[in-house]
Amino acid sequence: MERWSGRVAVVTGTSAGIGAAIAQELVKKGLKVVGLARRVERVQELEKSLHSAPGKLYPRKCDVTKEEEVKEAFKWVKDNLGGTDILINNAGVASIDTLRDGLVENWRKIYDLNVLGLSMCTKEALQSMKEKGVDDGHIVHINSVLGHIVIDRVAMYCSSKHAVTALTEGLRRELVNQKSKIRVTSVSPGRVRTEFGQAAGATPEMLEASKKVPALTSEEVADAVLYVLGTPPHVQIHELILTHVGETA
């Protein structure tokens with residue numbers, strides 16, 4: 001990770017969970033980290049706890065489902081920090097419902113954030129890297145094991161993560177065709193103990209039951225991201241799946 005010290009990473013969804021853990025670890029490694037979130041006050045609190053770290057966290061309010069806000073955020077990065085070297089597409093949302101009677105409003109939120117928001121941030125990051133002259137940048141999509149399988153009651157969420165799997169390969173092929181050395185990686189965790197289930201509408205019974213099954217921590221997912229970023233520049237890790245020992249779908 002030494003070669004990334006002093007460089008600029010943009011992390012989406014840094015107000016809690018995996019995004020906050022990734023931002024924190026990157027700052028500790030000496031990076032300038034721009035933390036994008038709608039609940040920016042949470043990122044500001046995290047920034048206060050990192051004042052003694054070698055890097056710096058820059059909280060920025062941004063709803064990545066809104067194209068203009070995404071463009072404004074990356075323009076701020078360019079104007080104030082010189083541009084983007086790393087993008088961590090972490091922001092995501094889920095909804096527990098069925099295709100038979102689920103709410104279209106929930107489905108739209110899932111695709112607006114998990115697919116379109118991710119894609120808009122990727123587009124802006126690639127443009128920033130091009131303008132900055134970066135040819136060793138890295139884009140990491142925080143995917144899910146559900147981007148490779150399907151389980152009951154979250155088919156729409158699964159489909160959005162399958163889209164992330166396809167978008168990772170699509171971008172990899174584009175970069176190869178352009179003879180670019182920018183890398184793209186999909187990191188697919190299994191169950192992680194975060195606020196995600198509650199935000200997805202899980203019932204109290206579901207949340208209580210989830211405490212009894214194996215799950216990763218946000219910090220363990222952040223460690224996986226650091227591993228991916230820390231590999232030699234010629235190493236392309238296309239997909240990294242990590243689960244807790246004993247976890248079943």
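How many bridges pair strand β4 with strand β5, and in which sense, parallel or antiparallel? I opened my notebook with that one. Strand β4 (residues 86-89) and strand β5 (residues 138-142) are joined by four bridges, and the pairing is parallel. I then picked out one bridge: N89 has H141 in β5 as its partner. A reminder to myself before going on: this is a predicted model.

**Entry: the sheet**

Next I looked up the strand order. The sheet is open and has seven strands, which run β3-β2-β1-β4-β5-β6-β7 with parallel pairing. At the edges I found β3 (56-61) and β7 (239-242); each has a single partner strand, so one side of each lacks a neighbour in the sheet. I also noted the twist, which averages 15° from one strand to the next.

I wanted to see how the edge strand β3 is held to β2. Those two pair in the parallel sense, over six bridges. Within that pairing, V34 has Y58 of β3 as its bridge partner. A general point fits here: strands of a sheet pair through backbone hydrogen bonds.

How do β2 and β3 connect, and with which hand? I traced β2, helix α2 (residues 40-48) and β3, and they form a β-α-β unit that is right-handed.

**Entry: helices on the sheet**

I checked two helices against the strands. Helix α1 (residues 17-28) lies across β1 (8-12), β2 (32-37), β3, β4 and β5, and its direction runs at about 165° to β1. Helix α8 (residues 218-230) also packs on the sheet, where it touches β4, β5, β6 (183-189) and β7. The angle between the directions of α8 and β7 is about 155°.

**Entry: the cavity**

How many cavities of 30 Å³ or more does a search of the whole structure find? I got one. The largest cavity holds about 70 Å³ of space. I listed its lining as T12, V64, N89, N90, A91, L113, N114, G117, L118, C121, I142 and K161. I was pleased to meet N89 again in that lining, having noted it as the bridge partner of H141.

Which helix gives the largest share of that lining? I found helix α4 (residues 104-132), with five residues. Sorted by class, the lining has six nonpolar residues, five polar and one charged.

**Entry: the second largest pocket**

My last search was for open space. The second largest pocket has about 370 Å³. It is lined by 19 residues, and those closest to its centre are T122, L126, L171, E174 and L175. The elements that contribute two or more residues to this lining are α4 and α5 (155-177). Helix α4 again supplies the largest share, here with eight residues. By class I noted eight nonpolar, seven polar and four charged residues in the lining of this pocket.

Terms used. Residues numbered from 1 in each chain as written. Predicted model: local features only at pLDDT ≥ 70, side-chain atom pairs only at ≥ 80, totals over all residues. Heavy atoms only, no water. 1 Å grid on protein atoms, 1.4 Å probe; cavity = no way out; pocket = protein on both sides within 12 Å on 5 of 7 lines; lining within 4 Å. Points joined across faces, edges and corners; volume = space filled by probe spheres on them. Nonpolar A, V, L, I, M, F, W, Y, C, P; charged D, E, K, R; others polar. Pairing = 2+ DSSP bridges. Axes fitted to C-alpha atoms, helices over the stretch in contact; angles between N-to-C directions. Contact = heavy atoms within 4.5 Å. Right-handed = clockwise from strand over helix to strand, strands pointing away.
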